[in-house]
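Visitor: I'd like a close look at one spot in this model. Please start there and then take me outward, step by step.

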Amino acid sequence: MAERKKKLVKTIKVDVDKCNGCRACEVICSAFHAAPKYSGNNPARSRIRVIREPLKDIYVPVYAGEYTAAECMGRDKYVIDGKEYDECGFCRASCPSRDLFKEPDSGLPLKCDMCESDPTLEKPLCVQWCLNDALVYEEREEEVEEEEKPEDVEIGLESLVDKYGLEKVMDSFARMSKSKKG
Amino acid sequence: MRYAETGFNLEIDLSRGSIEKVETAPQLTEFYLGGLGTNAKILWDRVPPETDPFSPDNLLIFGTGLLCGTPAPGCNRTIVTTISPQTQLMAFSMMGGFWAPELKYAGYDKVILRGKSPNLVYLWINNDQVEIRDASHLQGKGAVETQELIRQELKEPKAQVAAIGLAGENRVFFASIEQGRSSASRQGLGAVMGAKGVKAIAVRGTKDIHVAQPVEFMELCNEVLSYIKFREENYIPGVIPILARLGSPQEMAVHDEQWHTENFMWGNSRHRRRDYWNEEIAKAWMETMESMRTRLISCYNCPLKCGATISIPGLPTYMMKCFSKLTYTMAAMSDLDFGFKIAQRATEYGVDGYSTPQVMAFALELYEAGILTDQDLPGMPSENEERFYWLLDRIVRREGIGDVLANGTHWAAQQIGKGAEAYAHNNIKKHEQLPLKLGMLNPIYFLMYCTGEKINITQIEGQFPQAPFPTREEREAFVKEWFQVPDERFKQYFLDWELRGENSMPFYPTVEMCCDIVDWQERMHYIDDALGMCAGLSSFHLKPPYHIHNYPKFISSGAGIDMDEAKLTQAAKRYRTLVRAINIRRGLRRADEKPPEDHWKKRFPELEAKLLDEYYKFKGWNNEGIPTQESLHELGLDYISEDFIQRGILPEKE
Ligand code: SF4
Ligand code: SF4
Ligand code: SF4
């Protein structure tokens, strides 16, 4: 049985009414995750995406969540205050059904890591750069059951396997390690 | 590796249907920065002065600013450059929004259009894939509507689209290019796009933009953000609301329009209504605003909210910003409800919100004066507001009198004759200006109006207060945290500036000080236009977050170009002079550099002549406003001297 542990729960409260659609959150997120840090930016790599349809007054910042190998059996579609949102509009998954939350070149999944860094940031950067307070950071402690989390590399590999099959990935991997070492 | 810029331009020949991706020389960026600077260089090199604005040989350049696509807050301007059909001079209007960064992410700094497409097309730039696509099904469609239709057709909701409406297709001289909540609307860029047969340019990009020194650059960005925050919490006291807070004038946020409605002119820039504003009007306008404005919105990567979505029951939604909130209302002597409604149609047609209302009011003035008659205006409704809709429809379709009016008040008056010229009274360099008529000559503004080559006062003013503050204490308080000045002497100019007495207008600031002040104000706008910065966070404002002291650092750490204040000042002077040279080659001379005759009641011809004499000298121009060989040499622009000598514009050196 898993152990019960104290865990810091980090929440970003999204107030869509306050969003002005500027996409500063996308800019800073992608800059932060560039290697080396801040050396470049590219909103297409951001782990937060603003769904923006100005003429329909739709502005929804959505955070990248878990990678999923298969899409849902059905789709959802929300209508709120008379505004119809796109299918899967609020879903955070990096999912085969769409190109959201994937690296533009490799297609590898992206996931918000709450700007994990050492030392820890006072607030996630998208929150810091959202001067309109559409994004507000909150944290609290909770007791949770410990679970093992796969590492980034593992998630990435898994998605490659889903896409190309285990054999192909293993082949390429072998080839790459040979050429890198040799 | 290129930093901040991509190092590639997209060259599109519409006559031949060819598309080329061309690498640019990094030296050009060092010399002219980017945006306006390099746009001007291309225009000088490739568009000979005889070129007609609508000829296939004219270029239409969509240039991104050097820092667009980097994390620099508010840096999102597209600088659109061509030869204007209205002024016949170089046009360079800017648009905010989301287009420029998207183009950078697609891998290009500029899109350069030449030639002319045989049928209406649109461009689809999707990273490395660039296509010229048929747009015949979009003919006559609204500029806002078109953007949406293209996104749907491409199944790419994230594409940013710049489009023209019917006015551009029909080459209305004041047609705009619309894009999201922004537009490039001055000087008829939309007409040139229409003449080239291009309905729209759609862009989608998913590539990286790099900066040279990431840590330094981010530090600068964070400083700017905290200063924006500070300024949003501390409005500047003693100035009108639109100057007190950052951003484009916050017309979408404010309800109190007493200042504009009582100080700006109504009709064809004629009537001042001193006691117009009252509680009842305030209430009615507030209700209109609250019922139609859905949300305040911003441009790319900017925390301010200068635009708004306007949804009027029964009409398609559109977006608006700035002073166009009032231009239609005031031209028609009507109210805000009318202003919002007609602006919806005007935005779909794609016309400039400054010129268009004045052109329509001008037509009605001519009608009242009997210069235009019922024969010229067959079928015009009798109701005032209806007349404005009617005229708008005629103009964008170039039907009947609309065909004449579509050329703007200057050209229309020439064509109509019968004394109509006197009614085209609010122009500079043949282009309609803000409807302002004032009393005492302001020497700083005199110079800005005369010599501005962006043809819009808001595109040159900003850094220095528009008027003196009443008391010394207020002035002292103002200069206290004024670190944006390039030199301490500017503080002294302001401290000694009085409302009355010896140190008041028009003879104070002195001619020398005026030159200095105007030069600074202009320089900051030119720097913005090369970097792609919004003037609302920079040159348009007193005490802005971007200024001459932090800009060199932004350029060094962003673009990797070694820069300091002196070098930046020199670079800005260089391409500013290049812009002048293009216009000089197209015939601009001192005689063209004057404000509207009736702009001020009290004029001082001798002082005005002296101001211009001295300012020209200050700028390194001769008495006709032509850059001298010496000053061109100093800027590394000898090729301009050579051209000028060859054309007999400058005399051969003895
Ligand atoms: S930074 Fe804030 S206001 Fe801007 S798009 Fe993101 S969530 Fe919206
Ligand atoms: S919290 Fe950090 S990683 Fe997550 S979306 Fe915001 S900036 Fe990106
Ligand atoms: S200040 Fe206003 S106009 Fe300028 S970039 Fe920001 S939102 Fe756009």
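Guide: Let's begin at ligand 1. In this predicted model, the residues around ligand 1 include a run from C19(A) through N20(A), G21(A), C22(A), R23(A) and A24(A) to C25(A). V50(A), P61(A), C130(A), A134(A) and L135(A) are also around ligand 1. Sort this shell by class and you get 9 nonpolar residues, 2 polar and 1 charged.

Now look at ligand 2. Its surroundings include C29(A), H33(A), R47(A), I48(A) and Y63(A), along with the run C112(A), D113(A), M114(A) and C115(A). P124(A) and C126(A) are there too. The classes in the shell of ligand 2 come out as 8 nonpolar, 1 polar and 2 charged.

While we're in chain A, there are some backbone details to spot. Most residues other than glycine have a negative phi, and most peptide bonds are trans. Y38(A), which isn't a glycine, has a positive phi near 65°. You'll find Y38(A) in the loop between α1 and β2 of chain A, and at 16% relative accessibility it counts as buried. C88(A) also isn't a glycine, and its phi is positive at about 60°. C88(A) sits in the loop between β6 and α2 of chain A, and its relative accessible area of 15% makes it buried as well. P119(A) also lies in the loop between β6 and α2, and the peptide bond leading from D118(A) into P119(A) is cis, with omega near 0°.

Next, step over to the nonpolar cores. In soluble globular proteins, nonpolar side chains tend to be buried together. Here the largest nonpolar core has 218 residues, and those touching the most other members are F62(B), L113(B), I125(B), I201(B) and F644(B). Helix α20 of chain B, residues 511-531, contributes the most to that core, with 12 residues. Another core lies apart from it; this one has 17 residues, including C19(A), C29(A), V50(A) and M319(B). You've met some of those already: C19(A) and V50(A) are among the residues around ligand 1, and C29(A) is among those around ligand 2.

Back to helix α20 of chain B, where Y526(B) is found. Y526(B) counts as buried, because its relative accessibility is 3%. Leaving out residues up to four places away in sequence, Y526(B) touches L36(B), F92(B), E453(B), Y575(B), R576(B) and V579(B). Take Y575(B): it is 49 residues from Y526(B) in sequence, yet their C-alpha atoms are 8.3 Å apart. The loop between α20 and α21 of chain B holds H547(B), which is buried at 7%. Beyond its neighbours within four places in sequence, H547(B) is in contact with F483(B), Q484(B) and M524(B).

F92(B), one of the contacts of Y526(B), takes us to strand β5 of chain B. All 6 of the 6 residues of β5(B) are buried, so the strand is largely enclosed by the rest of the structure. M90(B), F92(B) and M94(B) point one way, while A91(B), S93(B) and M95(B) point the other. Strand β4 of chain B runs antiparallel to β5(B), and 6 bridges join them. Across that pairing, I83(B) stands opposite M90(B). Their hairpin has 6 residues between the strands, and Q88(B) has a positive phi near 65° there.

I125(B), one of the well-connected members of the largest core, also stands opposite a partner: V130(B) in β8(B). Strands β7 and β8 of chain B pair in the antiparallel sense over 6 bridges.

Finally, follow F644(B) into helix α25 of chain B, where it is buried along with I640(B), S641(B), D643(B) and I645(B). The buried residues of α25(B) pack against α2, α22 and α24 of chain B. Among the residues F644(B) touches are W44(B), A581(B), I584(B) and L632(B). After α25(B) comes G648(B), with a positive phi near 75°.

Zoom out, and chain B has 25 helices and 20 strands, with 66% of its 654 residues buried.

Key
Residues are numbered from 1 along each chain as its sequence is written. Chains are lettered from A and ligands numbered from 1 in the order in which they are written. This is a predicted model: local features need pLDDT of at least 70, side-chain atom pairs count only at pLDDT 80 or more; totals for chains, interfaces and linings use all residues. Side-chain values use heavy atoms; hydrogens and water are left out. Buried means under 20% relative accessible area, exposed over 50%, partly exposed in between (1.4 Å probe, protein chains only). Helices (H or I, at least four residues) and strands (E, at least two) are DSSP runs, numbered from the N terminus. Two strands pair if DSSP finds at least two bridges between them. A nonpolar core is a set of buried Ala, Val, Leu, Ile, Met, Phe, Trp, Tyr and Cys residues joined through side-chain atoms within 4.5 Å. Contact means heavy atoms within 4.5 Å. A residue is near a molecule or strand if one of its heavy atoms lies within 4 Å of it. Ala, Val, Leu, Ile, Met, Phe, Trp, Tyr, Cys and Pro count as nonpolar, Asp, Glu, Lys and Arg as charged, and the others, Gly among them, as polar.
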